[in-house]
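Trainee: I'd like to take a close look at one small part of this protein and see how it fits with the rest. Could you walk me through it?

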Amino acid sequence: MTEAASPLDDALRAFADAAADTVAAHYSVPAPAIAFEAPRRPEFGDFATNLAFSLAKTARRSPQEIAAELVGELARRAPQLERVFSSVDAVAGFINLRVAPRVWHGAVERILREGDRFGEAPPNGQRISLEFGSANPTGPLVVVQGRSMSVGATLANAMRFRGYDVFVEWIINDAGGQLDALGRSLYARYRQQSSPDYPFPPDGYPGDYLLPIARRIRELDGDRWVSVAESDWLPYFSQFGRDDLVAQQRQTARRFGVVYDRWQSERELHETGKVREGIEHLRGLGLTYESEGALFFRATSFGDDKDRVLLRSDGRPTYFCMDVAYHYKKLKDSDRVVDILGPDHHGYIERLKGMASALGYPGRLEVAIVQQVTLMRGNDQVGMSKRAGEIVALDDIIDEVGVDAARFFFIMPAVESPLAFDLKLALENESENPVYYVQYGHARIAAVLRRALEPDVQAAKSAALDSLVHPAELALARRLAEFPRVVAGVVEHLAPHRLARYARDVASDFHQFYTECRILAEERDLRLARLALSLAAKSVLARTLALAGVSAPDSM
RNA sequence: GCGGUCGUAGCUCAAUUGGAUAGAGCAACAGGCUUCGAACCUGUAGGUUGGGGGUUCGAGCCCCUCCGACCGCGCCA
């Protein structure tokens, strides 16, 4: 299966070919790659190319002159372009193209033909390893993990849609000292059920979420752990707490519509020798040295500001060491490795990238840092001090605003932008809420289609679209035709926020079309054509929302 | 102190990765339903892109330098 070229692609390629020929005939320089962009201002046409600017330097002439000349030559040499472009103008050095309505009609026909698969790319053989959300198994998932999961899951959906073979992993950070702290905290809660004065460890996890787990241990084991040595109860309580909390985290992720291919335990990486394998690989490359009994990685050779410890002087591996082993495996097996990390990992990026270069895969690892989320309720900031144990769990947010609003809000800003998440706004079912705006657009289309006669809806799927000439109709058709490029951009730039924005734009273009054009028009050809456009809009909008993990209701 | 991310309209955010007169939504103001869902649409107003310098045909984006916010800087994870 190959992705068939769209009428739009054909039109642009025809222009690019003709332009390249013209350049070759008139300039003694190789034709630069011709790129098209959509101008911000509609009066500059549907597409523009800066070809003349690229030629200006070597040709030693002004871009304005070159652009005007190219346009004149194109008209002479490639008159067939008139069929697909309604205008080709040279303006201030740019060449502006306006696409003929029939090309947009072709795009709508294609959407109706391909339905859900419009914009999908065939398998490209590229494998992407994606990690996001990962947390310590010491408590419930919190807000920032919600954002990380929304971003990661949306990217995974978009990547798969665009033909990548994606493997999604969650790392369970269960190899470090924090599990001891968890075990001691849980044990204290267990003891406090009969001895309220039993001391809580100072470095423990004070949240209430440990209470039900402690109660369950008491139900299962009674007083069995009261009078045994710590060396006996600690492993048990650590493991019990870890297992229970990981189960809760998985439950939350599932509820949030996020599916992982693997939940990878760090401890398991260690126990199965994967960690040693990674270290040996680095050692074999001569990138380690021993000092003061510890094993160091020469991170400074790869841009980090200091060398990093892999094995402590007592022989235990560091967190970074785990990451080396784990990434070695991922880098070997994938064409592209993407880590989406929390905001406290800024200082970690250089180290990870240095490691990727050291392992022989420079440029294969991409690290995106999801910025902080500030929870607001109207103008009031919602507190989340870990010290006081008052954490706002992701489950609480889902309870309050629902999965749709949460998933949508979390991907609205660019990944590296901070996010102020207003719970009050996310709950409003009024115009100011962007989620409802988009979902309302979908429901409104569904309502019109319900109102139309069924034979008309069927006939619309193969109707002639020549009567679609209104600016609002063409604007909507053009927007829908952008969809494949939008998703490709989301994948390339790790930019899920473009999907949220695009959904907004599609809904907006539809609302305007709806306001200015009566869909259920008296005249049959026009009515069928507008129904066809509505069907296409509904299809693309639903697909866009599905990629973001948001439902597209037919009524609300 | 060193390093990183960021700073865009009153607020929340964009800007197709160096393109044209920096755009949307909310909030404000003024309009639009006897007709397909007004949870919508149209219009007005709102900006020295934190300040300054540089690079070039062209800078919110790249370089330098200040200012400010946040986050890292352990043989923690």
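**A loop and its surroundings**

Mentor: Let's begin with A92, which sits in the loop between strand 2 and strand 3. Keep in mind that this is a predicted model. A92 isn't a glycine, yet its phi is positive, at about 55 degrees. For background, most residues other than glycine have a negative phi. That makes this loop a nice place to start.

Now look at the strands on either side of the loop. Strand 2 and strand 3 (residues 94-99) run antiparallel, and six bridges join them. If you want one pair to find on screen, try F85, which stands opposite V99 in strand 3. Strands of a sheet pair through backbone hydrogen bonds, either parallel or antiparallel.

Zoom out a little and you'll see that the sheet has three strands, is open, and follows the order 1-3-2 with antiparallel pairing. Strand 1 (47-49) and strand 2 (85-91) are the edge strands; each has a single partner strand, so one side of each is left without a neighbour in the sheet. From one strand to the next, the twist averages 20 degrees.

Which other strands make a hairpin? Strand 7 and strand 8 do, with two residues between them. Strand 7 (residues 288-291) runs antiparallel to strand 8 (residues 294-297), and four bridges hold the pairing. Here the pair to look for is E290, opposite L295 in strand 8. In the turn, E292 has a positive phi of about 50 degrees.

Another backbone angle to check is at L494, in the loop between helix 18 (483-493) and helix 19 (497-516). L494 is a residue other than glycine, and its phi is positive, near 50 degrees. What about its side of the story on exposure? The relative accessibility of L494 is 12%, so this residue counts as buried, the cut-off being under 20%.

Next, follow the chain to helix 20 (residues 524-547), which has 24 residues. From the first C-alpha to the last, helix 20 reaches 35 Å, close to the 34 Å expected at 1.5 Å a residue. Is helix 20 mostly covered or mostly open? Mostly covered: 20 of its 24 residues are buried. At its start, a side-chain oxygen of E523 comes to within 3.2 Å of the backbone nitrogen of D525. After helix 20 comes G549, with a positive phi near 80 degrees.

For a look at side chains, go to E73 in helix 3 (residues 63-77). Its relative accessibility is 12%, so E73 counts as buried. Which side chain makes a polar contact with that of E73? The side chain of H26 does, at 3.0 Å. Leaving out residues up to four places away in sequence, E73 touches T22 and H26.

Finally, the cysteines. A disulfide is a covalent bond between the sulfur atoms of two cysteines. How many disulfides does a search of the whole structure find? Zero. Two cysteines to click on are C321, buried with a relative accessible area of 0%, and C517, buried with a relative accessible area of 1%.

To come back to where we began: A92 lies in the loop between strand 2 and strand 3, and six bridges join those two antiparallel strands.

How values were computed: Residues numbered from 1 in each chain as written. Chains lettered and ligands numbered in written order. Predicted model: local features only at pLDDT ≥ 70, side-chain atom pairs only at ≥ 80, totals over all residues. Heavy atoms only, no water. Pairing = 2+ DSSP bridges. Axes fitted to C-alpha atoms, helices over the stretch in contact; angles between N-to-C directions. Expected span 1.5 Å × (residues − 1). Buried < 20%, exposed > 50% of the residue type's maximum accessible area, 1.4 Å probe, protein only. Polar contact = N/O pair within 3.5 Å; in protein donor to acceptor, adjacent residues only side chain to side chain. Contact = heavy atoms within 4.5 Å. Disulfide = S-S within 2.5 Å.
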